[in-house]
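Student: I have a structure open and want to learn how to read it. Can we go through the features one by one?

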Amino acid sequence: MTATGETWRNWGRTEKAKPIRVERPRTAGAVQRAVVAAAGSGIPIKAVGASHSFSGIAAPAGVLLELDDLTGLIDVDERHELATFSAGTRLRDIPRLLARYGLAMENLGDIDSQSLAGAISTGTHGTGASFRGLAAQVAGVTLVTGTGEQLHVDADTNAELLPAVALGLGSLGILVDVTVRCVPAFDLAAVEKPESLESVLDSLPQRVAESDHFEFYWFPHTETALTKTNTRMPSGAARRPLSPVRRWLDDTLVSNRLYEVTCGLGSAVPAITPTVNRLADKLTGNREFTDASHRVFTTKRTVRFAEMEYALPAEQVADALREVKKLIDTSGWSISFPVEVRFAASDDLWLSTASRRETGYIAVHRYARENPTGYFRAVEAIMRDKGGRPHWGKMHWRDAESLRESYPRFDDFVAIRDRLDPSRLFRNPYLDRVLGA
Ligand SMILES: Cc1cc2nc3c(=O)[nH]c(=O)nc-3n(C[C@H](O)[C@H](O)[C@H](O)COP(=O)(O)OP(=O)(O)OC[C@H]3O[C@@H](n4cnc5c(N)ncnc54)[C@H](O)[C@@H]3O)c2cc1C
């Protein structure tokens, strides 16, 4: 939470800004009044969710609108398919809100701290070659545009705007509610184990195609991939959750607390990082369990880091990862954080990183106390060569001119922006860079 006069910072501590003032609207009407007031005084206004974006996408350039009081489930339709939430609802609250309807989100990313509006606005995704990102699960939204109008968009109303406003980078208006297409609640069976990196890369297309949700982590300076294969279970299948003690040991102690210590050590004495990484890939990732989908998809992340993630045509992923490995092996860098590889189905959203192509994601991370720039920029060059698209909520150095080439509907999106926010009320330096002023 940020108060007026305070500095706003993002989770990864890669961005900060000093908002002119902070407002916490409780209703759609209050959002509308805040937008009209900002427009009247010519001050930009920015909705902020959980501030979990690593890029400057959420950095307020004027008024900061915190939506932590605009949360909760508004409605579930009669067919129990569509659930409408206030835009500031955190993903972590959604399983509880949907429980009485027997519903769940179709897919989720690695954590659930984000707000629903923030997650869809940046193209947040999980993994699974047949499953699309969170924004592709959006069936409708209500937003307050830059002219102060409350606009509803769904399959029947202003439908032509849906592929833009469902993943709008926060540039088209302030979302006040979001309707999500849900699925019957389901369990996932998780198998996590260390495997040889080369054999995983050699068999990648089959592994990805045969699994519901396949991903892996590669710890630099090792030859090991920690694979995670999650299978959607039929209803009524036996549940074998991790015991609370095992979950705490794996997810809190080893993955976070011990990891914080080892990253700190690696940062102070870079030469020990390869040894520490070999230890990390032995300590983590060797378990099988079955649990409710949200408890398997998401984990807690308390060790702060910086991240860049690129979306590639899925068939390019193995070669791209081999190039990243070669880069690290020959660079002399000590990289303590793993590289994460995930997949997603193609979708039709104009600025989705998976727009119109089967997609694989490669994410690189660097411990918060280390400077990520040299590593990330070198990896970005590899990804650009392969037609990569950067995650909007993670660090990258692309601008509007180069992104236009990556997105066939880029100019259509900008035309919608001209219509919904003609005076650029929702602008900030990041949006000026990636969409143009
Ligand atoms: C530890 C960690 C793990 C992560 N894991 C994943 C992952 O597994 N997969 C993945 O794809 N990403 C992941 N991310 C990135 C994260 O999901 C995105 O950056 C997401 O946008 C963060 O949501 P937020 O609520 O914090 O949004 P913020 O960062 O606060 O805002 C992001 C954008 O949304 C806009 N916005 C927020 N609320 C509204 C609103 N009501 N109306 C209009 N615009 C709005 C903001 O203005 C801004 O443009 C992770 C990030 C962290 C820190």
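Student: What does the accessible surface of the protein come to, and what share belongs to carbon and sulfur atoms?

Tutor: Keep in mind that this is a predicted model. The accessible surface comes to about 17500 Å². Carbon and sulfur atoms hold 51% of that area.

Student: How many helices and strands does the protein have?

Tutor: Count 14 helices and 20 strands. For overall form, set the radius of gyration against the globule rule. The radius is 21 Å, and the rule gives 22 Å for 437 residues, so the protein is as compact as a globular protein of that length. Along the principal axes, the C-alpha atoms fill a box of roughly 60 × 50 × 40 Å.

Student: What part of the protein counts as buried?

Tutor: Buried means under 20% relative accessible area. By that cut-off, 60% of the 437 residues are buried.

Student: How do I read contacts along the chain? What share joins residues 24 or more positions apart?

Tutor: Take the contacts with a separation of 6 or more. Residues 24 or more positions apart account for 73% of them.

Student: Next, the nonpolar cores. Which residues have the most contacts inside the largest nonpolar core?

Tutor: They are Leu116, Val165, Leu169, Val178 and Trp392, in a core of 61 residues. Helix α13, residues 410-420, gives the most to this core, with five residues. A second, separate core has 37 residues, among them Trp11, Phe216, Val324 and Tyr367.

Student: Let me look at one member. What is tryptophan 392 in contact with?

Tutor: Set aside neighbours within four places in sequence. Tryptophan 392 then contacts Ser55, Ile57, Thr122, Leu167, Leu169, Leu351, Thr353, Leu403, Tyr407, Tyr430 and Val434.

Student: Leu169 turns up there too. Where is leucine 169, and is it buried or exposed?

Tutor: Leucine 169 sits in the loop between α4 (162-165) and β11 (174-181). Its relative accessible area is 1%, so leucine 169 is buried. Check the backbone as well. Phi of leucine 169 is near 60°, a positive value in a residue other than glycine.

Student: Which loop holds arginine 356, and what is its phi?

Tutor: Arginine 356 is in the loop between β18 (339-344) and β19 (359-367). Its phi is near 55°, again a positive value in a residue other than glycine.

Student: Why does arginine 356 count as exposed?

Tutor: Exposed means over 50% relative accessible area. Arginine 356 has 60% relative accessibility, so it counts as exposed.

Student: Now a strand residue. Where is threonine 227, and what does it touch?

Tutor: Threonine 227 is in strand β15, residues 224-232. At 1% relative accessibility, it counts as buried. Beyond residues up to four places away in sequence, threonine 227 touches Val191, Glu192, Lys193, Glu195, Val200, Arg207, Phe214, Glu215 and Phe216. Phe216 is also part of the second core.

Student: Which strand holds alanine 189, and what are its contacts?

Tutor: Alanine 189 lies in strand β13, residues 187-196. Its relative accessible area is 15%, so it is buried. Leaving out neighbours within four places in sequence, alanine 189 contacts Thr229, Asn230, Thr231, Met233, Phe289 and Thr290.

Student: How far apart in space are alanine 189 and arginine 322?

Tutor: They are 29 Å apart, C-alpha to C-alpha, with their positions 133 residues apart in sequence.

Student: Last, charge. How far apart are the mean positions of the positive and negative charges?

Tutor: The two means, for 53 positive and 55 negative charges, are 5 Å apart.

How values were computed
Residues are numbered from 1 along each chain as its sequence is written. This is a predicted model: local features need pLDDT of at least 70, side-chain atom pairs count only at pLDDT 80 or more; totals for chains, interfaces and linings use all residues. Side-chain values use heavy atoms; hydrogens and water are left out. A nonpolar core is a set of buried Ala, Val, Leu, Ile, Met, Phe, Trp, Tyr and Cys residues joined through side-chain atoms within 4.5 Å. Buried means under 20% relative accessible area, exposed over 50%, partly exposed in between (1.4 Å probe, protein chains only). Helices (H or I, at least four residues) and strands (E, at least two) are DSSP runs, numbered from the N terminus. Contact means heavy atoms within 4.5 Å. The radius of gyration is taken over C-alpha atoms; the globule rule is 2.2 Å times the number of residues to the power 0.38. Accessible areas come from the Shrake-Rupley method with a 1.4 Å probe; for residues, only the protein chains shown count as cover. Lys and Arg count as positive and Asp and Glu as negative; His and the chain ends are not counted. The place of a charge is taken as NZ of Lys, CZ of Arg, CG of Asp or CD of Glu.
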